[in-house]
Every structure is written in structure tokens, then in C-alpha cells.
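Me: I'd like to go through the pockets, the ligand site and a sheet with you. Could you take the terms one at a time?

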Amino acid sequence: MRIAMIGGGYVGLVSAACFADLGTEVAVVEVDKQRLGALQEGRMPIYEPGLDHLVAEGVAAGRLTFGNDLAKAVDGAEAIFIAVGTPTRRGDGHADVSYVLAAAEQVARALTGYAVVVTKSTVPVGTGRRIAEIMRRVRPELEADVASNPEFLREGSAIGDFMRPDRVVIGTKSERAREVLGRLYRPLSLIEAPILFTEIETAELTKYAANSFLAMKVTFINEMADLCEKVGADVHDVARGIGMDQRIGRKFLHPGPGFGGSCFPKDTLALMRISQDWGAPSRLVETTVAVNEARKAGMAARIIQLAGGSVHGKTVAVLGLTFKPETDDMRDAPSVPIVARLVEEGAQVRAFDPIAMEHARPLLPEAVTYCHDAQEAINQADVLVVITEWNEFRALSPERVRETMRGRLVVDLRNVFDPPAMAAAGLQYFGMGRRA
Ligand SMILES: NC(=O)c1ccc[n+]([C@@H]2O[C@H](COP(=O)([O-])OP(=O)(O)OC[C@H]3O[C@@H](n4cnc5c(N)ncnc54)[C@H](O)[C@@H]3O)[C@@H](O)[C@H]2O)c1
């Protein structure tokens with residue numbers, strides 16, 4: 001079986017490499033010269049654990065190819081996946097589907113025979129219908145179907161998520177498209193990954209509903225963490241106590257500086273707009289967006305307050321810059337507003353991130369100093385702030401942190417440290433919703 005993948009970013013590249021691993025021939029089309037150049041030279045344009053090996057294997061097996069010739073890629077392909085970006089549209093919060101629609105039109109012009117055109121990008125309800133209209137307008141004679149197959153993988157564990165998904169959602173009206181996509185996903189259904197066939201609109205909405213629900217769960221525990229601080233409770237225990245209830249579940253109950261990344265912020269905003277447009281506004285989603293924005297914007301003020309009301313002239317060590325560990329993605333990372341404000345308030349910021357310092361550099365103030373490792377950032381710091389929970393930070397010894405810092409304040413926005421151990425080392429420890 002042959003397919004084409006339009007877009008070789010986080011989702012397109014991972015999906016392509018995984019499909020190739022499962023035995024499908026995949027032609028990836030990428031327009032970004034740098035990304036394509038890297039892929040053609042065998043380098044990874046993004047960081048995702050295990051992806052380099054999987055891509056190398058797919059290429060060596062002759063099943064995975066990269067190029068910018070869309071017509072060549074779609075020729076003979078049974079399914080064409082569109083995995084291009086759908087960022088927030090400037091000004092109104094809607095998802096910008098212009099890249100998706102442009103790709104769909106290019107595909108429609110290039111097709112030489114029957115194929116299913118599938119959106120893997122996260123797209124607003126009605127996009128599948130718009131793609132079908134474009135295809136009818138551009139190529140009225142063409143035999144083709146449209147389907148929606150939203151992707152639920154998480155950066156940092158993307159390959160495992162793709163290969164062992166909780167579910168695969170496929171929205172289409174067409175029996176023929178169902179057969180093609182059912183065959184493509186057969187290796188996963190054989191290992192009992194549930195495949196949910198739905199209408200296109202349902203599949204489109206399911207993706208936004210899933211991300212918004214998770215964003216709401218994170219926002220809920222963030223608020224509970226704030227309350228724990230006030231009443232002297234411990235949010236870890238509250239999270240455990242509620243998470244053991246299977247109706248609630250343990251995951252996504254870790255408080256932090258507010259959700260970021262390439263998906264939750266834009267998808268909550270888009271669902272908020274979609275539901276307003278359709279006359280069924282979601283006040284829960286609206287509130288989640290507002291609460292999270294305020295949290296991210298106010299996080300630096302909390303650090304400053306803990307530092308005694310000013311960070312002017314103080315050295316602040318910042319550990320972790322990405323929006324979460326195991327990725328190099330800096331999109332909407334909470335570190336960006338936090339570091340900007342600390343620098344604005346006169347702090348000298350010494351930052352370390354295991355993977356993303358080059359990605360972070362253009363987004364952060366020039367005055368930031370980048371360190372080779374966590375310990376170098378911590379040396380002689382007045383304040384230590386943990387923004388991303390990379391595993392290696394958990395291994396830092398509290399005693400060594402205490403010995404090498406000039407000050408004693410540790411602001412742990414991800415609860416990577418053990419509060420009693422930090423207090424025992426003589427550090428002034430602040431964890432999210434925890435007591436030292
Ligand atoms: N990143 C995630 O964790 C994740 C998870 C699930 C779903 N999604 C969704 O998947 C979609 C893609 O996200 P991403 O993070 O992979 O984005 P990305 O920006 O990393 O990748 C998109 C790629 O598409 C390329 N592109 C754009 N137009 C093209 C065209 N006409 N032809 C060929 N290539 C083209 C871009 O150059 C870019 O490399 C979005 O809708 C996103 O919401 C992302």
C-alpha cells in the first residue's frame with residue numbers, strides 16, 4: 001500500500017515513520033527547505049525520542065521518502081494525509097485552516113486516480129466539507145473521498161502513542177474510504193487498538209473535545225494547587241486521592257505554571273470560537289482559556305514575590321525551557337513570559353534546557369545567559385526556578401544545590417523535588433501546592 005503525507009512536522013513525520021514501520025510505503029512532502037534538507041541528509045529537523053532510528057529504518061527499507069514534489073508523491077497513493085499546521089489565526093482565535101485548504105487544492109489538482117484525502121491536522125468542524133467542495137470545484141470529474149483522522153499523539157512519547165493508541169478515530173461517509181483506512185490501520189487493529197468510525201464532523205470535534213477536556217483537567221488541578229497553598233494541604237495527595245477514582249483517573253493531575261505547547265492553547269481557543277459561532281458557547285472552555293492565560297502571565301510575579309518583592313540585580317537560574325520534557329518544542333511555552341518578565345525586572349537569568357536552547361534563543365531576551373548544564377546555571381544563583389520537569393533535574397542533590405547557590409530560594413513550578421529533602425538541606429523551598 002502507498003500513501004502520501006503532506007507536511008513533515010511533528011505529526012507528519014512521526015505518522016509517516018510509523019506507517020512505514022508498519023509496512024506501508026510513505027512519500028512525505030515538505031515545503032520547508034531547511035526541514036526537507038535535514039530529512040534528505042538523514043538528520044532530524046525536530047527532537048522526538050526514537051524518531052531518528054525509526055526514520056533511518058524506513059528510509060533503509062525503501063518505504064519512506066522525502067521530497068517537495070507533491071504530484072509525484074500522490075501518484076498511485078491510496079490515501080493522502082494532510083498534516084500541515086493549523087495555528088491560531090491572528091486576531092480572532094479561530095484555527096487558521098489556510099494551509100490545510102491550500103494543500104487540499106494542490107492534492108486535488110495532482111491526483112491521477114481514486115484516493116482518500118485525509119485530514120490529520122486538527123481542524124475545525126466543517127473543514128472536511130470544505131475540502132470536499134474544493135475537490136469538486138477543482139476536479140469535478142475526480143473520484144475521491146474525504147476523511148478526518150485526527151491525531152492524538154503526544155510530543156515526547158509520540159512513537160509509542162502512535163503505535164499503541166488508546167483509539168484511532170476515522171470520520172468518513174464513504175464505505176470505500178473506510179476500507180482503505182481500515183486496511184492502512186490493520187496492523188494496529190490486530191494489536192487491538194480500538195478503531196472508531198464516525199461521521200467527519202464527529203471526528204473533527206472529537207479532537208478538540210479531547211484536548212480541551214485535558215486542558216480543563218490541568219487547569220483544575222492548578223487551581224487546586226493554589227487552594228492547597230492557602231489551606232495547608234498537599235496537592236500531590238489531593239491528586240492521588242481523586243485520581244484513584246477511576247471516573248477521574250490519575251493522569252493530567254500535575255500542577256504547573258499553566259499549559260502551553262503547540263496544541264492545548266490553540267485548540268482550546270479554537271473550540272471556544274467554534275462553539276460561540278454555532279450558538280452553543282462553552283463557558284467551561286472559555287474559563288479554562290482565561291484562567292490559564294492569567295496563570296502564565298502571573299507566574300513571574302509569584303516568583304518575584306517569593307524572592308522578597310524584587311529580583312533586581314539577582315541571579316536567577318532557570319531550569320527547563322520547553323513546554324514539557326522530551327521535546328524541543330517551544331510553542332507557547334510558559335518559560336517565555338516568565339523569563340521575559342524576570343529580565344524586565346532586572347534579574348540576570350542563567351538558563352539551561354537539555355535540548356531546546358537553540359530554539360529558545362530567538363524567543364527569549366538577549367540578556368539571558370545559556371549554560372552547559374543545570375549545575376552551571378545553579379552556581380552562585382540567588383534563586384533557582386524549575387520550569388520544565390526534565391528527568392535529569394530530579395537527580396540534582398539538594399545538598400549540592402544548597403552548597404553551590406548563593407541564595408536559598410528554590411521555586412519548583414513542576415514539583416520535581418522532594419519538599420522535606422529540600423528543607424533538610426537548608427533550602428527555602430516552594431513547590432506548587434506543596435508544603436516544605
Ligand atoms: N504537535 C503535536 O503534538 C500535535 C498532536 C496532535 C495533532 N497535532 C496537529 O497536527 C497538525 C500539524 O502539527 P505539527 O506540530 O506537526 O506542525 P508543524 O508546524 O511541526 O508541521 C507542519 C509542517 O507542514 C509543512 N507544510 C505546510 N504546508 C505545506 C504544504 N502545502 N505542503 C507540504 N508541507 C507543508 C510545514 O513546512 C511544516 O513543516 C496541527 O493541526 C496540529 O494541531 C499536533
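Reply: Gladly! Let's begin with residue classes: Ala, Val, Leu, Ile, Met, Phe, Trp, Tyr, Cys and Pro count as nonpolar, Asp, Glu, Lys and Arg as charged, and the others, Gly among them, as polar. By that rule, the shell around the ligand divides into 9 nonpolar, 8 polar and 8 charged residues. A word on the source: this is a predicted model, in which local features need pLDDT of at least 70 and side-chain atom pairs count only at pLDDT 80 or more, while totals for chains, interfaces and linings use all residues. Residues are numbered from 1 along each chain as its sequence is written, and side-chain values use heavy atoms, with hydrogens and water left out.

Me: What makes E30 one of the residues that surround the ligand?

Reply: A residue is near a molecule if one of its heavy atoms lies within 4 Å of it. In total 25 residues surround the ligand, and E30 is among the closest, together with R35, T86, E155 and K266.

Me: Why does the pair between E155 and the ligand count as a polar contact?

Reply: A polar contact is a pair of N or O atoms within 3.5 Å. A polar side-chain atom of E155 lies 2.7 Å from a nitrogen atom of the ligand, so the pair qualifies. For S262, an N or O atom of the side chain is 3.3 Å from a ligand nitrogen. V31 uses its backbone instead: an N or O atom there lies 3.5 Å from a nitrogen atom of the ligand. As for cover, the protein hides 90% of the 840 Å² of accessible area (Shrake-Rupley method, 1.4 Å probe) that the ligand has on its own.

Me: Why is the space lined by T119 and E204 called a cavity?

Reply: On a 1 Å grid over the protein atoms alone, a cavity is a set of points where a 1.4 Å probe fits but cannot get out, whereas a pocket is an open set with protein on both sides within 12 Å along at least five of seven lines; lining residues have an atom within 4 Å of a point. A search of the whole structure finds 1 cavity of 30 Å³ or more, with a volume of about 30 Å³. Its lining includes T119, S148 and E204.

Me: And which helix gives the most to the lining of the second largest pocket?

Reply: That is α6, with 6 residues. The pocket has a volume of about 340 Å³ and is lined by 17 residues, with G128, A132, R136, D145 and V146 nearest its centre.

Me: How do you know that β13 and β14 pair?

Reply: Two strands (DSSP runs of E, at least two residues) pair if DSSP finds at least two bridges between them. β13 and β14 share 4 bridges in the parallel sense, so they pair. Within them, L409 stands opposite Q428.

Key. Points joined across faces, edges and corners; volume = space filled by probe spheres on them. Polar contact = N/O pair within 3.5 Å; in protein donor to acceptor, adjacent residues only side chain to side chain.
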